[in-house]
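Biologist: Before I rely on the labels attached to a structure, I would like to hear what stands behind them. Could you take me through the terms and show what supports each one?

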Amino acid sequence: MAQPADQDLTITRGDTETLIVTITTDGSTAVDITGRTYASQIRSQQDATTIKASFTCTVTSAATGQVTCVLSATSSATLSAGLYFWDLQETASGVVSTILSGNVTVLADVTR
């Protein structure tokens, strides 16, 4: 099993955050992701049982390997400023693989 690629995120509490990911074989050759699904969560610790927030992940261009993950403003507003952890999982033909993971730094917002 391959190790997920590292991708740290910085988001602002209360903002809509959009992450566009392109799945490639070598950093430039897109993978056709037809039939695959994606899920992404934020937790306070990597092994925490409580999900702090979830991205809604949609395949936006299967032929070019593009997935768009959106964290709604409502979901990000529930996070306190600080450090969290996230990952992005792919399910392909019943096989689940974590393809990205990293830290999430949540910045405090002022306007609410």
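The exchange below sets the values of this chain against the definitions of the terms used.

Modeller: This is a predicted model, in which local features need pLDDT of at least 70 and side-chain atom pairs count only at pLDDT 80 or more, while totals for chains, interfaces and linings use all residues. Residues are numbered from 1 along each chain as its sequence is written, and side-chain values use heavy atoms, with hydrogens and water left out.

Biologist: What makes the chain as compact as a globular protein of its length?

Modeller: The radius of gyration, taken over C-alpha atoms, is set against the globule rule, 2.2 Å times the number of residues to the power 0.38. The chain has a radius of gyration of 14 Å, close to the 13 Å that the rule gives for 112 residues, so the chain is as compact as a globular protein of that length.

Biologist: How do you know which elements the chain has, and in what order do they run?

Modeller: Helices (H or I, at least four residues) and strands (E, at least two) are DSSP runs, numbered from the N terminus. On that basis the chain has one helix and eight strands, in the order β-β-β-β-β-β-α-β-β.

Biologist: Why are strand 3 and strand 6 called paired?

Modeller: Two strands pair if DSSP finds at least two bridges between them, and strand 3 and strand 6 (residues 66-71) have six, in the antiparallel sense. Along this pairing Glu17 stands opposite Leu71, and Val21 stands opposite Val67. Strand 6 is also joined to strand 5 (residues 51-61), by five bridges and again antiparallel, with Thr58 opposite Thr68.

Biologist: Why is Glu17 said to have no salt bridge?

Modeller: A salt bridge is a side-chain nitrogen of Lys or Arg within 4 Å of a carboxyl oxygen of Asp or Glu. For Glu17, the nearest side chain of opposite charge is that of Arg13, 11 Å away, so the criterion is not met. Glu17 is nevertheless buried, where buried means under 20% relative accessible area (1.4 Å probe, protein chains only), and Glu17 belongs to the covered face of strand 3, together with Leu19 and Val21.

Biologist: What does the side chain of Glu17 reach, and which residues does Glu17 touch?

Modeller: The side chain of Glu17 reaches the backbone nitrogen of Thr12 at 3.2 Å. Contact means heavy atoms within 4.5 Å, and, not counting residues up to four places away in sequence, Glu17 touches Ile11, Thr12, Phe55, Cys69, Val70 and Leu71.

Definitions and conventions
Buried < 20%, exposed > 50% of the residue type's maximum accessible area, 1.4 Å probe, protein only. Lys, Arg positive; Asp, Glu negative; His and termini not counted. Polar contact = N/O pair within 3.5 Å; in protein donor to acceptor, adjacent residues only side chain to side chain.
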